[in-house]
Amino acid sequence: MDFNITLIPGDGIGPEIVAEAVKVLNKTGEIYHASFHFTKILMGGCSIDKYGVPLTDEALQTAKSSDAVLLGAVGGNTDTSPWYKLPPEKRPEAGLLAIRKGLGLYANLRPALLFDELKAACPLKESTGEKGFDFLIMRELTGGLYFGKRETVVKDGKRVAMDTLTYSEDEIRRIAVRAFEVARKRRRKVTSVDKANVLDSSRLWRSVTAEVAKDYPDVELSNMLVDNCAMQIVKDPAQFDVILTENMFGDILSDEASMVTGSLGMLPSASLGAGKFGLYEPSHGSAPDIAGLDVANPIATIMSAAMLLRYSLDMNEAADSVENAVKSVLADGYRTGDIMSEGKQKVGCHEMGDLICERIK
């Protein structure tokens, strides 16, 4: 089996963590008789520095021609980097929005899994952490406020800013179908999150989701307001299986969910379109303050590579082997600095990648 993978190392710690994920993929390929051909493209601040834009048309076309895309992270220090003196459409994160739109990636999957080995790192009360949790946020990725019409005007001598939140029933339906399909492979429960007590877009969201649910009688559907969901993730995250929500709510809730696991450095994500093609990336940012120090945690990127194997390449056994290797390393007591605890052995980014490779079977 031969696969073409586009790599976007990006900015900050991106090149370091992507390098470890590539190492893991190559080791997996040796064992499961697959060949990976990697092509690097620039996106984010590094693309701005070279081309003046966060994503070129040529880079997007390269990504489109591959079987999947593996991304590190983009962006820099918003207070000091010259990238953030540019107009919003020229900043590093605009490249991320553009590639999602250009590749038709409308469904973002972010797992929130508390590893048994890291329960002590969970910031929630001990009884909550001991119960454990394993849920997934299905976030709509190409609609809503982030892609609606926006402008700032002067009215009666005062600046007025406007952002438009728009969803069509087709956009809602396709992400809802994804959520129910994924739930069928898990614990068969979907919690649809909205603000239907205030927003028309949320009322449409709730209505269309209910229509989709009729095609999945084996999956339980419940509705929850977004503010309540934010509280419930802290109070009792074990109650959730698949959380379905719109773009901005999903952005906020998935960051909250990642932190209750103990570290952003542990959580992968996948952005999928209509077929098997997907873009895979860690949930964390570029962490420019630790770039080049060999202290970054590569596990989220390595777990993203496992999702790539599973969702885009149909290599489920290989994906299992990567995930099991990560669990084995953690069980043996190895930790990067962000998840370090007393009595464990601290390792760097590069060594963590090596340890995981050694345990892939």
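**Exercise 1.** Which exposed residues does the face of α3 turned away from its buried side carry? Work this out on the predicted model, beginning from the buried side of the helix.

*Solution.* Start with the extent of the helix: α3 covers residues 57-64, and within that run A59, L60 and A63 are buried. Next, look down the axis of α3, where the buried residues fall within an arc of 100°, so they line one face of the helix. Then ask what this face meets: the buried residues of α3 pack against strand β1 (2-10), strand β3 (68-73) and helix α4 (92-102). Finally, turn to the face directed away from the buried side, which carries D57 and E58, both exposed.

**Exercise 2.** Describe the aromatic pair formed by Y167 and W205, and explain what the pair ties together.

*Solution.* Take the count to begin with: the model has six aromatic pairs. In the pair of Y167 and W205, the ring centres are 5.5 Å apart and the planes stand at 75° to each other; since an angle over 60 degrees counts as edge-to-face, this pair is classed as edge-to-face. Now place the partners: Y167 belongs to the loop between β7 (158-163) and α6 (169-184), whereas W205 belongs to helix α7 (residues 200-213), so the pair ties together parts that are 38 residues apart in sequence. As a last step, check the accessibility against the cut-off of 20% for burial: Y167 is buried at a relative accessible area of 8%, and W205 is buried at 2%.

**Exercise 3.** Which residues line the largest cavity, and which element gives the largest share of that lining?

*Solution.* There are two cavities of 30 Å³ or more, and the largest cavity holds about 50 Å³ of space. Its lining consists of L165, Y167, V193, D194, L199, S201, S202, W205, E246 and F249. Sorting these by element, one finds that β8 and α7 are the elements giving two or more residues to the lining, and that α7 provides the largest share, with three residues. One of the lining residues, D194, can be followed further: D194 is found in strand β8 (residues 189-194) and is buried, with a relative accessible area of 1%. Leaving aside neighbours within four places in sequence, the contacts of D194 include S202, W205 and F249, which are also listed in the lining of the cavity, and R206, N223, M224, L225 and V226 are in contact with D194 as well.

Conventions. Residues numbered from 1 in each chain as written. Predicted model: local features only at pLDDT ≥ 70, side-chain atom pairs only at ≥ 80, totals over all residues. Heavy atoms only, no water. Buried < 20%, exposed > 50% of the residue type's maximum accessible area, 1.4 Å probe, protein only. Helix = DSSP H or I, 4+ residues; strand = E, 2+ residues; numbered from the N terminus. Arc of directions from axis to C-beta. Contact = heavy atoms within 4.5 Å. Phe/Tyr/Trp six-rings, centres within 6.5 Å; stacked < 30°, edge-to-face > 60°. 1 Å grid on protein atoms, 1.4 Å probe; cavity = no way out; pocket = protein on both sides within 12 Å on 5 of 7 lines; lining within 4 Å. Points joined across faces, edges and corners; volume = space filled by probe spheres on them.
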